[in-house]
Amino acid sequence: MSEVSSQLPADPISAVGVVTSPNKAPDGYCVVAQTTDGSDADLWKDALFKSKVNRYLCFTRKTEPDVVVDMKVTDIKEALPEGFTPVPETLDTKETAMRKRRLCVRMSPRTAAQTAVYDIQIIAKSKYHLVDYTCIGEINNLGIWYRTGDVPQHRSSQETPVAANTDVPSNTARKTMSRPDFEHQCSGGYTKTALDDVPFAVSEQFHGDAKQIQQVNLMGITIKSLAEIEEEFHYNFITELSIAL
């Protein structure tokens, strides 16, 4: 019996199929052409009559949105297991894939799958057991075994959490994307606004004596002193106080 690698492949299986010949598999597919002991892994071979029909299991680990998470072998007359999809025909000739037996697979989105099928082996004698593999049934007296493993989840840059700055007070204003002109930038315990570092100065035309400023008319607006404003708009609230009393 040949050795089966104990190392888990890098990528899970994304599709399983059947072909009529090992050299007719689609690009990127691996064909299980031999059993673990080196025998022919033809799943259609007739023991009594020499048949020209051949069927070989194949699979691919191409990166796809879905991965294979489970497999089953059922009788052709049995109801299809819930959540499983049959492999009804060959990939190369579109002929019937199996006779009397049916190979089924269950798919799942890669992002939602926790475990998936990583490898498939075929053994010629049922008394043999493969370590870390699970037997799903027999086809043409050949045992179909698969191995599962954890599916790595890759986070996008947008999903990567950003470490919080513990030096910034909890009441610091949050960053507002809708108003970039007024967004706050936090540095240490100080909240910096977009107006910081902008120089403010009174125009030179307003420099001089305050009495001269009062005579300046800007677009019809007369500048008044504080005393003039208080005198013009003074209100003693006598009516309100009398009502309150």
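Is Cys104 buried or exposed? In this predicted model, Cys104 is buried, because its relative accessibility is 0%. That residue makes a handy starting point for a walk through the strands, the core and a few individual side chains.

Strand S1, which covers residues 15-19, comes next. Five of its five residues are buried, so the strand is largely enclosed by the rest of the structure. In a regular strand, side chains point alternately to one face of the sheet and to the other. Here both faces of S1 are covered, with Ala15, Gly17 and Val19 buried on one side and Val16 and Val18 buried on the other. The partner considered here is strand S3 (residues 56-60), which runs antiparallel to S1 and is joined to it by five bridges. Within this pairing, Gly17 of S1 stands opposite Cys58 of S3.

Cys58 also enters the cysteine picture. The structure holds zero disulfides. Cys30 is in none, and the nearest cysteine sulfur to it, that of Cys58, is 9.1 Å away; a disulfide would require the two sulfur atoms to be within 2.5 Å. Cys30 counts as partly exposed, because its relative accessible area is 36%, whereas Cys104 is buried at 0%.

An open sheet of three strands can be described next. Its order is S4-S6-S5, and the pairing is antiparallel. Strands S4 (66-75) and S5 (85-86) form the edges; each has a single partner strand, so one side of each is left without a neighbour in the sheet. S5 is joined to S6 (residues 101-109) by two bridges, in antiparallel fashion, and Thr85 stands opposite Val105 in S6.

Turning to the interior, the largest nonpolar core has 24 residues. Val16, Leu57, Met71, Ile120 and Ile144 are the members with the most contacts inside this core. At least two core residues come from each of S1, S3, S4, S6, S7, S8 and strand S9 (142-150). A second core, separate from this one, has five residues, among them Val67, Val69, Ala116 and Val151. Met71 is a good residue to inspect in the viewer. Leaving aside residues up to four places away in sequence, Met71 touches Val16, Phe84, Leu103, Cys104, Val105, Val117, Ile120, Ile136 and Tyr146. The list thus takes in Cys104 and Val105, the latter being the residue opposite Thr85.

Two loop residues deserve a look for their backbone angles. Lys100 has a phi near 70 degrees, a positive value in a residue other than glycine. Lys100 lies in the loop between S5 and S6 and is exposed, because its relative accessible area is 66%. Asp132 likewise has a phi near 70 degrees, again a positive value in a residue other than glycine. The loop that holds Asp132 is the one between strand S7 (115-123) and strand S8 (134-139). With a relative accessible area of 52%, Asp132 is exposed too.

Finally, strand S7 contains a polar residue, Gln121. Gln121 counts as buried, because its relative accessibility of 18% falls under the 20% cut-off. The side chains of Gln121 and Asp119 are joined by a polar contact of 3.1 Å.

Note on methods: Residues numbered from 1 in each chain as written. Predicted model: local features only at pLDDT ≥ 70, side-chain atom pairs only at ≥ 80, totals over all residues. Heavy atoms only, no water. Buried < 20%, exposed > 50% of the residue type's maximum accessible area, 1.4 Å probe, protein only. Helix = DSSP H or I, 4+ residues; strand = E, 2+ residues; numbered from the N terminus. Pairing = 2+ DSSP bridges. Core = buried A, V, L, I, M, F, W, Y, C linked by side-chain atoms within 4.5 Å. Contact = heavy atoms within 4.5 Å. Polar contact = N/O pair within 3.5 Å; in protein donor to acceptor, adjacent residues only side chain to side chain.
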